[in-house]
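Colleague: Could you walk me through reading this structure? I would like the general idea first and then the case at hand.

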Amino acid sequence: MSFILDNIRLKEVISEPQTVNVDWVSPSISLDNREDEFSISVYYENGSSVDMVLSLQFSADNVNFGEVTESLQAITSDSGTHMWDVAGSGAPYVRVKIAVNSGSIDVTRIFYSGKQRH
């Protein structure tokens, strides 16, 4: 039996901007019913002395998360966007981590997009 691809799943991960000045993780995103690849975008602005590292963390149980070292992205600009285009993950949960070396930013949006089967 095959499943029918019925839509593109779009999800806002945070409901309001978050000021990040210490290590921070987003709420997790369920990857149930997704078909193969997906993307996650992080939008940020109003930075001050920014020296941070963005990364993705995956989990099999939505409790214990492991960082994907290939996803590490240093950011030093006061505003911008970073997008991961992910293929082939078998994990059912993902979240964004921001490790802060110094400074602060306002994360204004985290957006998930992926193909979904029903």
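Colleague: How many helices and how many strands are there in the protein?

Modeller: This is a predicted model, in which local features need pLDDT of at least 70, side-chain atom pairs count only at pLDDT 80 or more, and totals for chains, interfaces and linings use all residues. Residues are numbered from 1 along each chain as its sequence is written, and side-chain values use heavy atoms, with hydrogens and water left out. Helices (H or I, at least four residues) and strands (E, at least two) are DSSP runs numbered from the N terminus. Here there are nine strands and zero helices, giving the pattern β-β-β-β-β-β-β-β-β along the sequence.

Colleague: What does the radius of gyration say about the protein?

Modeller: The radius is taken over C-alpha atoms and set against the globule rule, 2.2 Å times the number of residues to the power 0.38. In this case it is 15 Å, close to the 13 Å that the rule gives for 118 residues, so the protein is as compact as a globular protein of that length. Its C-alpha trace spans about 55 × 25 × 20 Å along the principal axes.

Colleague: Which residues touch the most other members of the largest nonpolar core?

Modeller: A nonpolar core is a set of buried Ala, Val, Leu, Ile, Met, Phe, Trp, Tyr and Cys residues joined through side-chain atoms within 4.5 Å. Buried means under 20% relative accessible area, exposed over 50%, and partly exposed in between (1.4 Å probe, protein chains only). The largest core here has 27 residues, and Ile40, Ile98, Ile105 and Ile110 touch the most other members. Strand 5 (34-59), strand 8 (80-86) and strand 9 (93-117) each give two or more residues to this core, and strand 5 has the largest share, nine residues.

Colleague: What is Ile40 in contact with, beyond its neighbours within four places in sequence?

Modeller: Contact means heavy atoms within 4.5 Å. The partners of Ile40 include Ile29, Leu56, Trp84, Val96 and Ile110. Across the protein, residues 24 or more positions apart account for 84% of the contacts with a separation of 6 or more.

Colleague: Which sign does phi have at Ser49 and at Asn62?

Modeller: Most residues other than glycine have a negative phi. Ser49, however, has a positive phi of about 50°, and Asn62 has a positive phi of about 65°. Ser49 sits in strand 5 and counts as exposed because its relative accessibility is 57%. Asn62 lies in the loop between strand 5 and strand 6 (65-67); at 33% relative accessibility, Asn62 counts as partly exposed.
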